[in-house]
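Here's a quick tour for anyone opening this one up cold. Have a look at the structure, then read on.

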Amino acid sequence: MAAPCPPPPPDPQFVLRGTQSAVHALHFCEGAQAQGRPLLFSGSQSGLVHVWSLQTRRAVTTLDGHGGQCVTWLQTLPQGHQLLSQGRDLKLCLWDLAEGRNAVVDSVCLESVGFCRSSILAGGQPRWTLAVPGKGSDEVQILEMPSKTSVCALKPKADAKLGMPMCLQLWQADCSPRPLLLAGYEDGSVALWDVSEQKVCSRIACHEEPVMDLDFDSQKARGISGSAGKALAVWSLDGQQALQVRGTHELINPGIAEVTIRPDRKILATAGWDHRIRVFHWRTMQPLAVLAFHSATVQCVAFAANGLLAAGSKDQRISLWSLYPRA
């Protein structure tokens, strides 16, 4: 008997329309601001941030702080009522969204025109750490916020020739208060920085093309990166802070714009230049689904805490998917 055919991929649970511009960034907010119902933030090519209610499936607020320049990154602070937005206008805005407000209360001027998105490390403390692309083409600037105090600039040795940082992820090991930074570079490598020591602990060559995005599972000490090429790379970090490539997963078409691991660390999703969203089992990297809904490049993917997956595309649509429900 022939093996049964796998079931066809599902349709989106619903689709959000109305950005009137390509969607470049997505972020779910689960905090107090959402009042128990997750909100979805989207950043568009036209410089607007839309705040979506997933109940009414409509934009409840539009934030305009980037002078018509593309919004590339969105992140809420743990308290939930403050939003960070990064734009191609070389500005990072801090928004106060408490009690119906939608005002920019502070901003950081960026000095890099690259595509690198910023990263934060924030607990429940009033102070938090921000990593942004730096002044030199190969630098990462570390700031203490909200004072905007410069902590350091992380600059590779001159002979390293890593090129520009393309993606950043700040994190902290459970056993140490020292902030660490994972950075993907233009030459296809991923480096682990000790921020306090301003030194590279380890670096691995993962890709032949620039690293476009990475995500890291600190519980499993395992990460994944996607590039402009045709492969995903899985790598691990040992107790001596040494990175090691664990394997690669070949793709049919080149180009991963974003990769994100679901909060329960069971599955991951990628945003593809080939218009497709791909879903994998995180432990085994077994392909689970190829979602071919969008008609242009998928620029971003994000998971809500309840497992809902959002994908934003150059086709000006945001698709929402309920896949492999959390146990």
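## Around Ser42

If we skip its neighbours within four places in sequence, Ser42 is in contact (heavy atoms within 4.5 Å) with Thr19, Val23, Ala25, Leu26, Leu48, Val49, His50, Trp52, Leu74 and Ile318. This is a predicted model: local features need pLDDT of at least 70 and side-chain atom pairs 80 or more, while totals for chains, interfaces and linings use all residues. Numbering starts from 1 along each chain as its sequence is written, and side-chain values use heavy atoms, with hydrogens and water left out.

Ser42 sits in strand β3 (residues 39-44); strands are DSSP runs of E, at least two residues, numbered from the N terminus. Is Ser42 buried or exposed? Ser42 is buried, because its relative accessible area is 1% (buried is under 20%, exposed over 50%, partly exposed in between, with a 1.4 Å probe and protein chains only).

## Out on a loop

Asp174 is in the loop between β14 and β15 (179-185). Asp174 is exposed, with a relative accessible area of 83%. Its C-alpha atom and that of Ile204, 30 residues apart along the chain, are separated by 23 Å.

## The lining

Which residues of the 48 that line the largest pocket lie nearest its centre? They are His27, Gln75, Gln169, Asp215 and Thr260. (A pocket is an open set of points on a 1 Å grid over the protein atoms alone, where a 1.4 Å probe fits, with protein on both sides within 12 Å along at least five of seven lines; lining residues have an atom within 4 Å of a point.)

Strands that each supply at least two residues of that lining include β2 (23-29), β6 (71-76) and β14 (165-172).

Terms used
Helix = DSSP H or I, 4+ residues; strand = E, 2+ residues; numbered from the N terminus.
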